[in-house]
Amino acid sequence: MTAPTFPAAGPPLPTAGPAPLPAAGAATAPVSRGPVRDRYFDLLRALALFRVVLYHLTGWAWLPIVFPSMGVMFALAGTLMARSLKRPAVQVIRSRVRRLLPPLWLLGAIGVTGMVAQGWGPDAEGHPGWWWQHLAYWILPLSDPPYAYDVAGIDGFLGESWPEDLAGPLWYIRAYLWFVLFSPLILRGLRKLPWLTLVAPLALAVVMRLELFSTTERLDSAITDFSTFGACWVLGMAHQEGVLKRLPAYIVPSVAPLFAGAGLWWASHEGFRSGFDLDSIPLAQALWSFGCVLLLLHYSPSWTEWPRRLKAFDRPITLLNSRAVTVYLWHNVCILTAATLYDRLWSVDALSENVPWLLESWIPVLLVTWALIALCVLAFGWAEDVAAKRRPRLWPDGRP
């Protein structure tokens, strides 16, 4: 599993300027204020997105330990979902699904067209009927959408693995969709049996590790992701419902390290497969993410305005939150393209002979990756506005 909200919430509300002075003798009406963004959550979401991109570029297995991005993004999405469920559940689910699908459809329209143009077709899965049926997952991702395994790519610009990189992040979209569909039931359980509902996904993660039952491959991946990050989603809902605030102040700092420590212990017991990568050990990922997210939500300062030291980062953080879905969906392809383009510099003798260390560095590739992500934001980010029924914007970084 790899690395969203996660679609994030909509763009931050514009900061109102000074109110005009009332005319002489006019009555002063009370000031009505709309909902205020939690800038602490915006910071967490931006850090999570940046860490996802860095991890997929470098492959450093210690990054998920330093900051469990996926657990954070699921928790933030759970918080927003619980807040929205003050309205009728059917209306909320329809709204969330509508915000999710148009950016995915745009990705699929471009990606599937490219794969078909390079020879992918009904014979790819051994039976034309299966190919057409599975293609529907690009429309409604209740399971992982199919993709081509063997295509030519674009020499010098896009590597042969581009379909896999394109479809790789879609496990998150599928998991998010199922969490949204089950959220009304989860919220009901959280209000009646909060602690049982909170630990139930972790118990399911243990059951999956013990392999007490077998399922199909598609169902198994869905249940595994649900059990791995479900507790973080429920944590976000519990935070919004005030469940965590009812605990004595010392409980969370005492309990959270125990869950996180159990996750690291289990990871060491499993040998940190795939180079110390938590993603390959679902139970360890579930426990570590739960412990870390529990601490982050417990700290939660609920900033309505940026602290002085963070004000300089307002625009990039606002942009990442406004285009979180676009960044997440396209970042893998941007990484592959950046690496492919940068590798072409090895053919320049002056560079390969004099500064090979520069050509081996990941830093220039990261910079090119973010430049390509910026182009994707300009080219495809409007789909998020259309999905949210907003006026399309090119660069929503919070400026008037």
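The radius of gyration of the protein is 22 Å, which agrees with the value near 21 Å for a compact globule of 400 residues; it is taken over C-alpha atoms, and the globule rule is 2.2 Å times the number of residues to the power 0.38. The C-alpha trace spans about 75 × 60 × 50 Å along its principal axes. This is a predicted model, in which local features need pLDDT of at least 70 and side-chain atom pairs count only at pLDDT 80 or more, while totals for chains, interfaces and linings use all residues. Residues are numbered from 1 along each chain as its sequence is written, and side-chain values use heavy atoms, with hydrogens and water left out.

The secondary structure consists of 18 helices and zero strands, taken as DSSP runs (helices H or I, at least four residues; strands E, at least two) numbered from the N terminus.

Of the 400 residues, 50% count as buried (buried is under 20% relative accessible area, exposed over 50%, partly exposed in between; 1.4 Å probe, protein chains only). The largest nonpolar core has 114 residues, and Phe74, Trp138, Tyr172 and Trp233 have the most contacts inside it. Such a core is a set of buried Ala, Val, Leu, Ile, Met, Phe, Trp, Tyr and Cys residues joined through side-chain atoms within 4.5 Å. Beyond four places in sequence, the contacts of Phe74 (heavy atoms within 4.5 Å) include Tyr172, Phe229 and Trp233.

Two loop residues that are not glycine have a positive phi.

| Residue | Phi | Loop between | Relative accessibility |
|---|---|---|---|
| Glu211 | about 55° | helix 8 (194-210) and helix 9 (217-241) | 64%, exposed |
| Ser302 | about 55° | helix 12 (282-299) and helix 13 (314-322) | 42%, partly exposed |
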